[in-house]
Amino acid sequence: MDTSPHQGDFANVNGIRLHYLDWGGEGPVLLFLAGMGCSAHIFDQFAPRFVGQFHGLALTRRGHGDSDYPETGYDVDTLTEDIRQFMDSLMIEQAILVGHSMAGVELSRFAALYPQRVLKLVFLDAAYDRASPGFKAMQARNPLPRIRPPDANDDHFTIEDYTASLKRAYPSLAMIWGEVMDEEVVHSVKITPEGKVVDKMSDAIGAAIHETLASYVPEDSKIQAPALSFFALTDSTYYLSADFMSEEQQAQIVEFFDTVLIPYNREWIEQFRRTVPHARVVEIPQGHHYCFIKQEELVFDEMKRFLLE
């Protein structure tokens, strides 16, 4: 049940309808952009905390949640144009953009194209260059995509079963699961004529988005606005499950995090510091990718301090 104190509506932009949430509030617009696979509802708990001094909004990009699912338009320029036209439709001249995960691509491109419309930028574990050879080499060594539970491809006929399957397959999600995630699932699935619960996002749309992430080189050197970037130095234990992983598989995951992922993350953090020297960087030891949920208080305190400067 959705208990977040917002109003939901649709904006007609770029030939499609995009869903958004509006928490109201006075002050500068704080526009939240979710990561891949998530809708505006992922911020149901976090966004309302800023309403006292900001006008909180969250936009669901095309191919996600309750927004439209066109077959095309998942390139970085179209996604960025969606945001610009959304702001125009609500007569928002300038905004503080807050992006999680893949939304870092949209923040970087938007800031490069429309610097005059960006008040500040906040990257929630989002400032990564997924097109770089280093990132691709790191991902090639990641054992997680090859380790799936035996029932990963089973059909599900209730949202409860679908949710249970997600939590089983992704231990890192299970550890942050709560009302926000329950609500998020409701808006990300559909029921087929056969009664199956499936993701609204098609494989083709998912592939198009992955192609964008793998090809876009962040234009962070063009960022002029004040910027805050959170980097989650993820703990491997978030991803382990004795339920379907062998001891050998768990050991492979720990080794990957310790010897490959964390060292890469530290290298990229330093690269970001050099590229955006005026940015404030917050490293979160044992951080979760959904840091605004798992480390909510830390992220809220740092964000509020940054936003009120």
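A residue is counted here as buried when its relative accessible area is under 20%. By this criterion, six of the seven residues of strand S6 (residues 118–124) are buried in the predicted model, so the strand is largely enclosed by the rest of the structure.

Strand S6 belongs to an open sheet of eight strands, arranged in the order S1-S2-S4-S3-S5-S6-S9-S10 and with mixed pairing. The edges of this sheet are formed by strand S1 (7–13) and strand S10 (280–287), each of which pairs on one side only. From one strand to the next, the twist averages 20 degrees. Helix H1 (residues 76–89) packs on the sheet, where it touches S1, strand S2 (16–24), strand S3 (29–33), strand S4 (55–59) and S5. The direction of helix H1 makes about 115 degrees with that of S1.

Within the sheet, S6 is paired with S5 and with S9. Strand S5 (residues 95–100) runs parallel to S6 and is joined to it by six bridges. Among the bridge partners, Ile-96 is matched with Lys-120 of S6, and His-100 with Leu-124 of S6. The connection between these strands involves helix H2 (residues 103–113): S5, H2 and S6 make a right-handed β-α-β unit. The pairing of S6 with strand S9 (residues 227–234) is likewise in the parallel sense and extends over four bridges. In this pairing, Val-122 stands opposite Leu-228 of S9.

The nonpolar interior was examined next. In soluble globular proteins, nonpolar side chains tend to be buried together. The largest nonpolar core of the model comprises 53 residues, of which Leu-31, Leu-59, Leu-97, Leu-121, Phe-123, Phe-231 and Phe-272 touch the most other members. Helix H8 (residues 247–275) gives the most to this core, contributing ten residues. Another core, of 39 residues, lies apart from the largest one and includes Phe-43, Phe-50, Val-197 and Ile-284.

The surroundings of Phe-231 were considered individually. When its neighbours within four places in sequence are left aside, Phe-231 is in contact with Asp-125, Ala-127 and Tyr-128, and with Trp-268, Ile-269 and Phe-272. Further contacts of Phe-231 are made with Val-281, Val-282, Glu-283 and Ile-284. Of these partners, Phe-272 is named with Phe-231 among the residues that touch the most other members of the largest core, whereas Ile-284 belongs to the core of 39 residues.

Conventions: Residues numbered from 1 in each chain as written. Predicted model: local features only at pLDDT ≥ 70, side-chain atom pairs only at ≥ 80, totals over all residues. Heavy atoms only, no water. Core = buried A, V, L, I, M, F, W, Y, C linked by side-chain atoms within 4.5 Å. Buried < 20%, exposed > 50% of the residue type's maximum accessible area, 1.4 Å probe, protein only. Helix = DSSP H or I, 4+ residues; strand = E, 2+ residues; numbered from the N terminus. Contact = heavy atoms within 4.5 Å. Pairing = 2+ DSSP bridges. Right-handed = clockwise from strand over helix to strand, strands pointing away. Axes fitted to C-alpha atoms, helices over the stretch in contact; angles between N-to-C directions.
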